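Dear colleague,

I am passing on the structure we talked about, together with some notes on its charged side chains and a few contacts. Please have it open while you read on.

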Amino acid sequence: MVNDRRPRVLSGIQPTSGSFHLGNYLGAVRQWSAMQETHDAFYMVVDLHAITIQQEPEQLRANTRQAAAQLLAAGLDPERCTIFLQSHVPEHTQLSWIMECIAGFGEASRMTQFKDKSAKQGSDRTSVGLFTYPLLMVSDILIYQADQVPVGEDQRQHIELTRNLAERFNSRYGKAFTVPEPYILKETAKIYDLQDPSVKMSKSASTPKGIINLLDEPKVSAKKIKSAVTDTGSEIRFDEQEKPGISNLLTIYSTLTDTSIAELETRYEGKGYGALKTDLSEIVADWAGPFRERTQEYLDDPETLDSLLAKGAEKARSVAAETLAQAYDKVGFLPAKH
């Protein structure tokens, strides 16, 4: 029998701040939208991962709804992919305990993000959750039998851990998990901080002036673009070494308009940086305006939004429960009688 099942992908985004920024969208979410056409796609708001740093409960609830609304506004269609909240599928944490029990302490402590954050905070202020969250991430992936995980290069280490633990479980207890492949988004635009184009645009590393938030008013984004750091000289050309600031603006322009960098260099030949920044401000405003409106429509109708998320969780649980039952059986847990 020919297997015509589409490859399954799993990815997630944290609800740690209200608005997505341009780096989130161009670096990940835009690709998710395209992948729902070619893959059996599972996308989640990872609210469990969010609490590895302290959250205000009401703010977390608001941010979680806002993240879900933005995923829908960005083109994710509940009829073509599965969208849900991580905390609505308890099988994630149930499988995570098994993964914690087969992972080595040294293996977990070598995870780069844990090493970086615990070194900054000190061990007394570093939660056990920060140490074990890569094992929850492993479970997020394995519980859906994902074939591929779309990630940036910086997440490759987590995929290697997932593969190692899936193979370890399968060899120790018998095959229960698909061993996933990283789906490195090579063609993805990497968007940098507007004020410091040596670092990626991110909520944790960037200054407020360096980030374009998708839900900001157009005039706020325009001001940030117009005050973006540029480079010596006035020539508009793509050169990440010599002209990182202008190269970043060209990348944003190119990605939002599907225009090649070479074409933009020709278009702005002999023009100053001001012309590029003014045009880019308008392009961002024209793109973000409808996105903000669609997001607000979902937020204004929380019943519909919650209903979509409940249906997504139901679809996700139908897969997750089957995987967990198989894993529990392989480990040797007695099945619960109903």
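The salt bridges in this model come to 14, and please keep in mind throughout that the model is a predicted one.

One of these pairs joins Asp 40 and Arg 8, whose side chains meet at 2.9 Å from N to O. Because Asp 40 belongs to strand S2 (residues 40-45) and Arg 8 to strand S1, this pair ties together parts that lie 32 residues apart in sequence. The two partners are covered to the following extent: Asp 40 is partly exposed, with a relative accessible area of 25%, whereas Arg 8, at 13%, counts as buried.

A further salt bridge is formed by Asp 77 and Arg 80, with an N to O distance of 3.0 Å, and these two residues are linked with Glu 37 in a network of salt bridges. Asp 77 is partly exposed at 21% relative accessibility, and Arg 80 is likewise partly exposed, at 37%. Asp 216 and Lys 224 also meet in a salt bridge, at 3.4 Å from N to O, and in this pair both Asp 216 and Lys 224 are buried.

Helix H12 deserves a separate look. Lys 277, which is found in helix H12, is buried and yet has no salt bridge, since a salt bridge requires the nitrogen and the carboxyl oxygen to be within 4 Å, and the nearest side chain of opposite charge, that of Asp 231, is 8.8 Å away. What, then, is Lys 277 in contact with, leaving aside its neighbours within four places in sequence? Its contacts are Ile 225, Lys 226, Ser 227, Ala 228, Thr 230 and Leu 249.

Glu 297 also has its place in helix H12, which covers residues 273-299, but Glu 297 is exposed, with a relative accessible area of 56%. On the surface, Glu 297 gathers with Glu 293, Asp 300, Asp 301 and Glu 303 in a patch of negative charge.

Finally, there is Gln 14, which lies in the loop between strand S1 (8-13) and helix H1 (22-35) and counts as partly exposed, at 34% relative accessibility. Although Gln 14 and Val 46 are 32 residues apart along the chain, their C-alpha atoms are separated by 5.0 Å. Apart from its neighbours within four places in sequence, Gln 14 is in contact with Val 46, His 49 and Ala 50.

With best wishes

Terms used:
Residues are numbered from 1 along each chain as its sequence is written. This is a predicted model: local features need pLDDT of at least 70, side-chain atom pairs count only at pLDDT 80 or more; totals for chains, interfaces and linings use all residues. Side-chain values use heavy atoms; hydrogens and water are left out. Patches are made of residues with over 30% relative accessible area and no salt bridge: like charges are joined within 9 Å, nonpolar side chains (Val, Leu, Ile, Met, Phe, Trp, Tyr) within 5 Å. Accessible areas come from the Shrake-Rupley method with a 1.4 Å probe; for residues, only the protein chains shown count as cover. Lys and Arg count as positive and Asp and Glu as negative; His and the chain ends are not counted. The place of a charge is taken as NZ of Lys, CZ of Arg, CG of Asp or CD of Glu. Helices (H or I, at least four residues) and strands (E, at least two) are DSSP runs, numbered from the N terminus. Buried means under 20% relative accessible area, exposed over 50%, partly exposed in between (1.4 Å probe, protein chains only). Contact means heavy atoms within 4.5 Å.
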